[in-house]
Amino acid sequence: MKKISLLLPCLLVGLWQLACSLRPGAYDLVASPAGVLAGLADLCLTGMPPGRLLPGHILYSLSRIFFGFSLAAACGVPLGILSGGNPKARALVMPLIDFFRPIPPLAWIPMAIIWFGIGFRSAVFIIFLGAFFPIALNTCIGVATVDRGYLDVARTFNAGRLDIWRKVLIPGAVPSIFTGLRLGLGIGWMTLVAAEFTGVRQGYGLGYMIMTARDLQRIDEVMAGMAVIGLIGLAIEWGMTKLAGHILGGRRVGQWIRI
Amino acid sequence: MDTHLKITGLKKRFGVEGQGCPVTVLDSLDFSCAKGSFITIVGANGCGKSTLLRIIAGLEEPSEGTIRLAGKPLDRRTARLGMVFQEHALYPWRTAVENIEIGLELKGMPRATRREAAMEYIRAFGLEGFESAYPSELSGGMKQRVAIARALVADPELVLMDEPFCSLDSQTRNTMQQFLLDVWSRRGDTVLFVTHSVDEAVFLGDEILVLSRPPARIADIVPVDLPRPRDRTSLKANAIRKQILNMLENRVSAATYLGPAMMEALGTQEISRESE
Amino acid sequence: MRFLSRLISMFLVAWCFFTLAAAQAQSAAPVRLAYLQNDIHHLALWVALDKGFFRDEGVDVTVAGVFRAGSEVAGALGASQLDMAYLGEAPATIAAVRGTAHIRVVAQVNTEGSALVARSEAAITAIEDLRGKTVAVPALSSVQDVLLRKALASRGIPAASVNVIVLGAPEMIPAMRAGQIDAFVAWEPYPSRAVTSGAGRIVSASADIWPLHPCCVLAADKAFLAARPAEAAAVVRAHVKATAFIREHPIEAAAVAAKYTGISQSEAAEAIAHVRYDAVINVEGEREYLRLLIQLDFIQIKDPDAFLDDFLGVAAKAPEAR
């Protein structure tokens, strides 16, 4: 993490604190940075709803995204590989995917509630919808746009169909697959929080926490919650990047990765 | 002469009859060469040199004609070929040694054996210390050495090279040419080497195949009778170069002026300044 | 390059168009109202719209939003997106205390009209049986939430022993059917619908928990009141008229309710029967709300009386009834 990356956030926070100090708003529509920190403390100590502390919310939200994302990856990557490498499969599957993709996951919430209620499966379903499409599409594109030259090399060695899949198409598509996974995870995280707004049976979840803070007009806690969500999203992104670097041979593999 | 490679009546048309203007790129090529010979192929840009190589390699299907290798028709499924591409086409996700051994890997050779074979080439080609490097960490010349090793490791019956040095700077290019000749002289492979550089063709080849503009025919087969190691600047080398350049320029001038489509539309009439 | 400049000019034209359209909408400036989705407590508004009472009183209104919870309405009032709105007294109070909305109550809307509904299979016949169960409320600190906690407190049941979760009102009946919640507290018509569809039983009407408790209020943005007092008064008059209409013509009122909630007229009539429509501001009720909210630690307030005077303000006296 370069030091310069911290410059802009610090500057913004400083200006924000200044603005709040100069105009102690009659309208408390925005909390100052100090207020947000206080709200964060309240979230950890008192909890929102009262009695439910922040770590619990984080744990539940993370577990939902873990399962939803894993499901999306388990379905999306194989489907993407198959449709990327096989034009018939692509023609079979892609129109359907292109039809469902523009429907926002949140539009599925009424159906999700009817089918799965307000429990864990409902949230996992919504996240799955958010994460699946970027994963499947990027995988498909990755396989389909593998450099023709790589295929030529394999063909001059008389490689069989299976070998071409295993040794050229799939490894060649790995950067795109990772891009798809990163996008899917990011979108899944955003979808999760919004999905938790409609209610969760366990009474835990970051989106749920923010919604109840809003009910009590605790703007400081709402903003603290948003900050937590953003930070966790950042951490997830950072983790993915590190993981990608590790698995794919790090910066040594160079431009090919495009991370 | 023991004919190793024999090409008869090779034609290649792009486009389907009845859909637009089918373009004949290669028109009735007849050619043969002996085992262990180094054949360079030159011609104007777009005259189908690469297409010819790709057909032999089995990456494209000819429209007509036959190819025989070592007395049998060339069966792409069983033939052992090694090809080096213009853009080296090394797999960026594999290290140098892993790239080299891929031919053996695809044939099912066990890991230890193929790794040892690949390492031999690493050592022979002066790449020691870089076997675990990824292509992005290698210089242009090193990458081409890896590409050449990859083509040679499975003991091919025929080596095809499609302008492998054209993206290198001239210094590296000269070094690589010498390197290639060293390797070839020790192994005795049959090599078909496509290039647009007449200099390179004269320096490297035993015979130079000159292709005319499309529909390409063999305009001439120029034997290069120079002793090896070759002197680029010798008078004889110059004479051969001049001969070929004349051929190309005469045949090419109209083509570059009018363009291949127009040439095609005008049929096979020779429009050139060449005096008969 | 030319293509780019053409694209940019097209974009600018579109932008001007939309800005002008918005400005146009602004200058016409009807009074912006809002209500809660499917909340039959807000029937007075629907009746006034349907029967043209606003027009009769000479004021131009528009429904600027339909919301899922009172806290959302309060937020919109605070963001100056609404001029006057129907919402629960509890969320209105909290917003006013915390300063996220500068509003004042100009009329009462109803008292009572909510109920605690339990799943038919769950063995819940009394409030005491809620121990260890999952109960849904439409929002934290909503009237229903406050009622539930008051009921629990009055029987000495610690709130922590009940799993209270927040759920949108439309989601409550399906969730109960699926067994994911054991009970809920919601405004009519949801309790009646739960009963008629066989999904649940009414354990306790809100009237039993706190008789005559004030529920929803008509609140107005203070800036709006100061700038356009005549229109605000006209809206209040129409509201009072509509409230009286509901009492005098319940069947017609049920027809209007059916239109705005999508339930059948008979279901609407049943729901209406459980609600008291009353435009007179219940000052004592609000004082009790303040006490409860402070007790529940939802708000802190230094001078409750000063707040009440301001919050219930000019209309602390009964508004003109017809």
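## Domains of chain C

Domain bounds here come from an automatic or database domain assignment. On that basis, chain C splits into domain 1 (27-112 + 213-316) and domain 2 (114-209). The model is a predicted one. The centres of domain 1 of chain C and domain 2 of chain C, taken over C-alpha atoms, are 24 Å apart. Their contact draws on 29 residues from domain 1 of chain C and 23 residues from domain 2 of chain C.

## Between the two domains

Together, domain 1 of chain C and domain 2 of chain C bury about 2000 Å². Carbon and sulfur atoms account for 67% of that area. The interface of these two domains holds 2 salt bridges. C:Lys150 and C:Glu288 pair through their side chains in a salt bridge, at 3.9 Å from N to O. The domain interface also has 6 residue pairs in polar contact, with both residues at pLDDT 80 or more.

Three helices of chain C stand out on the domain 1 side. H5, helix H13 (265-273) and helix H14 (283-295) each supply at least two residues of the side that touches domain 2 of chain C. By class, that side of domain 1 of chain C has 15 nonpolar, 7 polar and 7 charged residues.

## Overall build of chain C

Chain C contains 15 helices and 11 strands. Its radius of gyration is 21 Å, close to the 20 Å that the globule rule gives for 322 residues, so chain C is as compact as a globular protein of that length. Along the principal axes, the C-alpha atoms of chain C fill a box of roughly 70 × 55 × 45 Å.

## Which chains touch

There are 2 pairs of chains that touch, and chains A and C make the most contacts among them. Chain B and chain C have no contact. Their closest C-alpha atoms lie 30 Å apart.

## Chain C against chain A

Here 25 residues of chain C meet 27 residues of chain A. The two chains bury about 2200 Å² between them, with 56% on carbon and sulfur atoms. Three residues, C:Arg98, C:Leu140 and C:Gln180, supply 26% of the area that chain C buries against chain A, more than any other three.

Chain C and chain A share 1 salt bridge. C:Glu72 and A:Arg214 form a salt bridge, with their closest N and O atoms 3.6 Å apart. There are 9 residue pairs in polar contact across this interface, both residues at pLDDT 80 or more. On chain C, helix H4 (70-78), helix H5 (89-98), strand S7 (163-166) and helix H7 (169-177) each give at least two residues to the side that touches chain A. H4(C) gives the most, with 5 residues. That side of chain C is made up of 12 nonpolar, 10 polar and 3 charged residues.

## Chain B against chain A

In this pair, 28 residues of chain B contact 20 residues of chain A. The buried area is about 2100 Å², 61% of it on carbon and sulfur atoms. B:Tyr91, B:Trp93 and B:Leu106 supply 31% of the area that chain B buries against chain A, more than any other three residues.

Chain B and chain A are joined by 2 salt bridges. The side chains of B:Glu105 and A:Lys167 form a salt bridge, 2.9 Å from N to O. Polar contacts between the two chains number 5 residue pairs, both residues at pLDDT 80 or more. Helix H1 (49-57), strand S6 (81-84) and helix H3 (102-106) of chain B each supply at least two residues of the side that touches chain A. H3(B) has the largest share, 4 residues. This side of chain B comprises 15 nonpolar, 5 polar and 8 charged residues.

Technical notes:
Residues are numbered from 1 along each chain as its sequence is written. Chains are lettered from A and ligands numbered from 1 in the order in which they are written. Side-chain values use heavy atoms; hydrogens and water are left out. Contact means heavy atoms within 4.5 Å. Buried area is the accessible area (1.4 Å probe) that two parts lose on being put together, summed over both. A salt bridge is a side-chain nitrogen of Lys or Arg within 4 Å of a carboxyl oxygen of Asp or Glu. A polar contact is a pair of N or O atoms within 3.5 Å; within protein, one must be able to donate a hydrogen and the other to accept it, and residues adjacent in sequence count only if both atoms are side-chain atoms. Ala, Val, Leu, Ile, Met, Phe, Trp, Tyr, Cys and Pro count as nonpolar, Asp, Glu, Lys and Arg as charged, and the others, Gly among them, as polar. The radius of gyration is taken over C-alpha atoms; the globule rule is 2.2 Å times the number of residues to the power 0.38.
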